[in-house]
Number of protein chains: 4
Amino acid sequence: MPKQTFFNLPKQKRDLITRLALEEFASHDYHSASLSKIVERAGIAKGSMYQYFGGKKDLYLYLFNLVGQAKLSYITSKVPDPESLDLFSYLKELMMASAGFEIHHPLEYRMGMRVVYGDSPFKEEERQQMKNAVVDFYKGLLIRGIERGELDPDLDVDAAAFLLSAVSLELGSFIMNRLDLDSEDLQSSKIDWEALEPILDTVIALIKNGIARR
Amino acid sequence: MPKQTFFNLPKQKRDLITRLALEEFASHDYHSASLSKIVERAGIAKGSMYQYFGGKKDLYLYLFNLVGQAKLSYITSKVPDPESLDLFSYLKELMMASAGFEIHHPLEYRMGMRVVYGDSPFKEEERQQMKNAVVDFYKGLLIRGIERGELDPDLDVDAAAFLLSAVSLELGSFIMNRLDLDSEDLQSSKIDWEALEPILDTVIALIKNGIARR
Amino acid sequence: MPKQTFFNLPKQKRDLITRLALEEFASHDYHSASLSKIVERAGIAKGSMYQYFGGKKDLYLYLFNLVGQAKLSYITSKVPDPESLDLFSYLKELMMASAGFEIHHPLEYRMGMRVVYGDSPFKEEERQQMKNAVVDFYKGLLIRGIERGELDPDLDVDAAAFLLSAVSLELGSFIMNRLDLDSEDLQSSKIDWEALEPILDTVIALIKNGIARR
Amino acid sequence: MPKQTFFNLPKQKRDLITRLALEEFASHDYHSASLSKIVERAGIAKGSMYQYFGGKKDLYLYLFNLVGQAKLSYITSKVPDPESLDLFSYLKELMMASAGFEIHHPLEYRMGMRVVYGDSPFKEEERQQMKNAVVDFYKGLLIRGIERGELDPDLDVDAAAFLLSAVSLELGSFIMNRLDLDSEDLQSSKIDWEALEPILDTVIALIKNGIARR
DNA sequence: CATGAATGAGATTTCATTCAT
DNA sequence: GATGAATGAAATCTCATTCAT
């Protein structure tokens, strides 16, 4: 919840501040991230940041929400209507979109990871809620899958949702490994988008059928 | 590599310092963790820490090794000979032991997670190596499984190892959720150890057979 | 290269800081000089110094340049055109001005001596360059003297320049001795300026004719 | 004035400590020189230094005296009886010996320079006394020269002594320049001893006859 | 006599935040 | 609304010195 003054800024300036702040929080811990560095790079006065935001925490929360919205709208725009696909196709689209976000918005991705794993001004409770939100989303998906007869009604939905959430959390790391990329490649976004699909096919197949011999 | 001074301390004091340092590094990123806080809580002089350790980084590396050894010896002591079990039984034992460690050594567990995800004095390269070590371990396991005919020779070993590593990373979080525990419960270790087994059975089954309807 | 912040300060405050810093660096080696002491005496916050300067080294370099400029402008203002005087008269004027600077700017003088002889953030190479600059200046003077027929063409210019540089370095010490002064007298500047001239005459005569019997 | 315990040490150990301490004080300011570093390198306990010496200052004074004695005995051993030589030949021998000391005992030389120019636990008064001791020595020499008819009775003895003292202080620096050496060459003592003589001849001639055209 | 752990002062530096202009 | 100087707490680390064993 930045102050109104922030939204009164010319879009260009607002975006500059947002981007630089995001870069800082993406590459540093909440505690280690430095407002001083941000304002220095942005070429604005330190006091101005306090005209725009209530303080460091306020800025953090703003970016956090921004990242969440960005991810949501990215994925929403890429993934088709869940009703039009069977569960596993939908899962694949979802994960491809998710991977796409990580690749095309590496800053947002890395900030998101820090929210989950690193220091943050959130209480532990709130952190758990975030993780649960993902799990709950997958739970909803699975329940619908059962209702539509795509999944076994006896499926342990909690456990399966956990499996999906664990995979999706680490998926980015796996893809980078598989494509032999590193963070810098992400920045420059020279990703072979079509190379993504077979990787996801493989992962989804494993989730679907397990690793056991048939 | 603490200095000899540290090892000459009476065990009680040494353990106190180790525990307090571990608590600090378990609840804060490397940069945010504060030597000053540690010595304050330990009731020792600031200079004394520098008699014991070369500096912050030295202390961190010491704890890091400690955690690694603790985990290794814990798991080694709990998990039976891999040759005497089929793959999935072994996996279950492994993950139970792993979960047991997380439950009974929550500080060590959280410090370990920070090494993987948070800021650290390690170079990115070294961090990747650690993650890869886990994946490689699972790869070895899977390859043996194939050789023993327990797994399909066509299994994508990399992808499957990634799946296992992702699950094992998040397993602690899932168990805490399932048992409705939080960090404080972990500290007091009032865990129903026998409640663990069915949870693992479920997870292993999912990994084994996937989530699809049969 | 202090920050703009420093130059924006009211002259009074800027001068206070400069003077106190100069006093500290004049009476202590670079390593021993203490920013903490300076800010304490100046009655400003520790952090403020870092608004003004990049750090200890930056402050040191600033003072170093200040001293150099002060000396240059002082001497330039006192010493007449070298073309209008014979070599030894010019030398005398030069050394009188130099002594005058040492007497009237004792802090600057002592800081300068420390740059030459004491610890400093300069590399040894740079220190040599400074010393050489003085020697080179005298070499230039001597060469011109030869060209103008005032000196023997066979004069060993290097050795003579060394002699002049050695004398000029220690001249202040000699004058203080001769006039029975100490550092405190310098501070209060109760110097009999006219007493200076015969001393310099004597020294110049020695340099000119040597100490041997004629 | 070290404590008796120091002199009770086996010579080998005593020399080791002396040498390492000298190295430290030769390359650092009094303030910056570190007892900790010395004992670390010497492999002895910190407390032991306080059994040997009253403290940092005591150690410093001990080394200071040692250096003085070393220089005195070195020069005494090299320079012939002053009665057997004319003044300028004696001066030349003196300065050659002095230069020889600087070259063959660089640590002692550099420590001596620090005593004169750098920070030290001596009061300013004491520092002046040391400088004066050198000047007084040259004064005695000059007075004897006058008495023996080698110098003009009207010579300004004070000024001439100052000249000699200034030259002798900087002589080392000049020689190093002339022979194109640096500190490291000193350490390894690969000095062409015979190259020294003509340099000194030149310098002495300048002192003797001045730089003026005849 | 030797040891070396303990101490606390003091060093440089960074940071979030406030507030007068 | 923008500025940026001022602040002081807090961080890491080094050091000379003491003292119990």
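How many nonpolar, polar and charged residues does the surface near DNA strand F have? The surface has 13 nonpolar, 16 polar and eight charged residues. This model is predicted. The legends below start with the two DNA strands and then turn to the protein interfaces.

**View 1. Protein residues gather around DNA strand F.** The strand has 37 residues around it. Thr5(A), Gln51(A), Thr5(C), Gln51(C) and Tyr52(C) come nearest. Of the atoms of DNA strand F that come within 4 Å of the protein, 59% belong to sugar and phosphate.

**View 2. Phosphate oxygens of DNA strand F lie by Thr5(C), Tyr50(D) and Ser36(D).** For Thr5(C), a side-chain N or O atom is 2.4 Å from a phosphate oxygen. For Tyr50(D), the distance from a side-chain N or O atom is 2.9 Å. Ser36(D) uses its backbone instead: a backbone N or O atom lies 3.2 Å from a phosphate oxygen. Helices supply two or more residues each to this surface: H4 (46–52) of chain A, H3 (35–42) and H4 (46–52) of chain B, H1 (4–8) and H4 (46–52) of chain C, and H3 (35–42) and H4 (46–52) of chain D. The largest share comes from H4(A), with five residues.

**View 3. DNA strand E has 38 residues around it.** Those that come nearest are Thr5(B), Gln51(B), Tyr52(B), Gly47(D) and Gln51(D). Sugar and phosphate make up 60% of the atoms of DNA strand E that come within 4 Å of the protein. By class, the surface near this strand divides into 13 nonpolar, 17 polar and eight charged residues.

**View 4. Thr5(B), Tyr50(C) and Ala33(C) each place an atom by a phosphate oxygen of DNA strand E.** A polar side-chain atom of Thr5(B) lies 2.3 Å from a phosphate oxygen. In Tyr50(C), a side-chain N or O atom is 2.9 Å from one. Ala33(C) contributes a backbone N or O atom, at 3.4 Å. Among the elements that give two or more residues to this surface are helix H3 (35–42) of chain A, helix H1 (4–8) of chain B, helix H3 (35–42) of chain C and helix H1 (4–8) of chain D. H4 of each of these chains does so too. H4(D) gives the most, with five residues.

**View 5. Chain D meets chain C through 47 residues from each chain.** The buried area is about 3900 Å². Carbon and sulfur atoms give 60% of that area. On the chain D side, Phe162(D), Ile211(D) and Arg213(D) lose the most area to chain C. Together they account for 19% of what that side buries.

**View 6. Six salt bridges cross the interface of chain D and chain C.** In one of them, Arg178(C) pairs with Asp158(D), and the closest N and O atoms are 3.8 Å apart. The interface also holds 14 residue pairs in polar contact, both at pLDDT 80 or more. Helices H7 (106–117), H8 (124–147), H9 (157–178) and H11 (196–209) of chain D each supply at least two residues of the side that touches chain C. H9(D) provides the largest share, 14 residues. By class, this side of chain D has 21 nonpolar, twelve polar and 14 charged residues.

**View 7. A rotation of 177° superposes chain D on chain C.** The shift along the axis is 0.1 Å, and the RMSD is 0.6 Å. The two copies are therefore related as by a two-fold rotation axis. In chain D, Gly210(D) has the C-alpha nearest the axis, 1.6 Å from it. Of the interface residues of chain D, 96% are also interface residues in chain C, so the copies meet through the same surface.

**View 8. Chain A contributes 48 residues and chain B 47 residues to their contact.** About 3900 Å² is buried between them, 60% of it from carbon and sulfur atoms. In chain A, Phe162(A), Ile211(A) and Arg213(A) lose the most area to chain B, together 19% of what that side buries.

**View 9. The interface of chain A and chain B has six salt bridges.** One of them joins the side chains of Asp156(B) and Arg178(A), at 2.4 Å from N to O. There are 15 residue pairs in polar contact, both at pLDDT 80 or more. Helices H7 (106–117), H8 (124–147), H9 (157–178) and H11 (193–209) of chain A give two or more residues each to the side that touches chain B. H9(A) supplies the largest share, 14 residues. That side divides into 21 nonpolar, 13 polar and 14 charged residues.

Key. Residues numbered from 1 in each chain as written. Chains lettered and ligands numbered in written order. Predicted model: local features only at pLDDT ≥ 70, side-chain atom pairs only at ≥ 80, totals over all residues. Heavy atoms only, no water. Contact = heavy atoms within 4.5 Å. Buried area = accessible area lost by both parts, 1.4 Å probe. Salt bridge = Lys/Arg side-chain N within 4 Å of Asp/Glu carboxyl O. Polar contact = N/O pair within 3.5 Å; in protein donor to acceptor, adjacent residues only side chain to side chain. Helix = DSSP H or I, 4+ residues; strand = E, 2+ residues; numbered from the N terminus. Nonpolar A, V, L, I, M, F, W, Y, C, P; charged D, E, K, R; others polar. Least-squares fit on C-alpha atoms with pLDDT ≥ 70 in both. Near = heavy atom within 4 Å.
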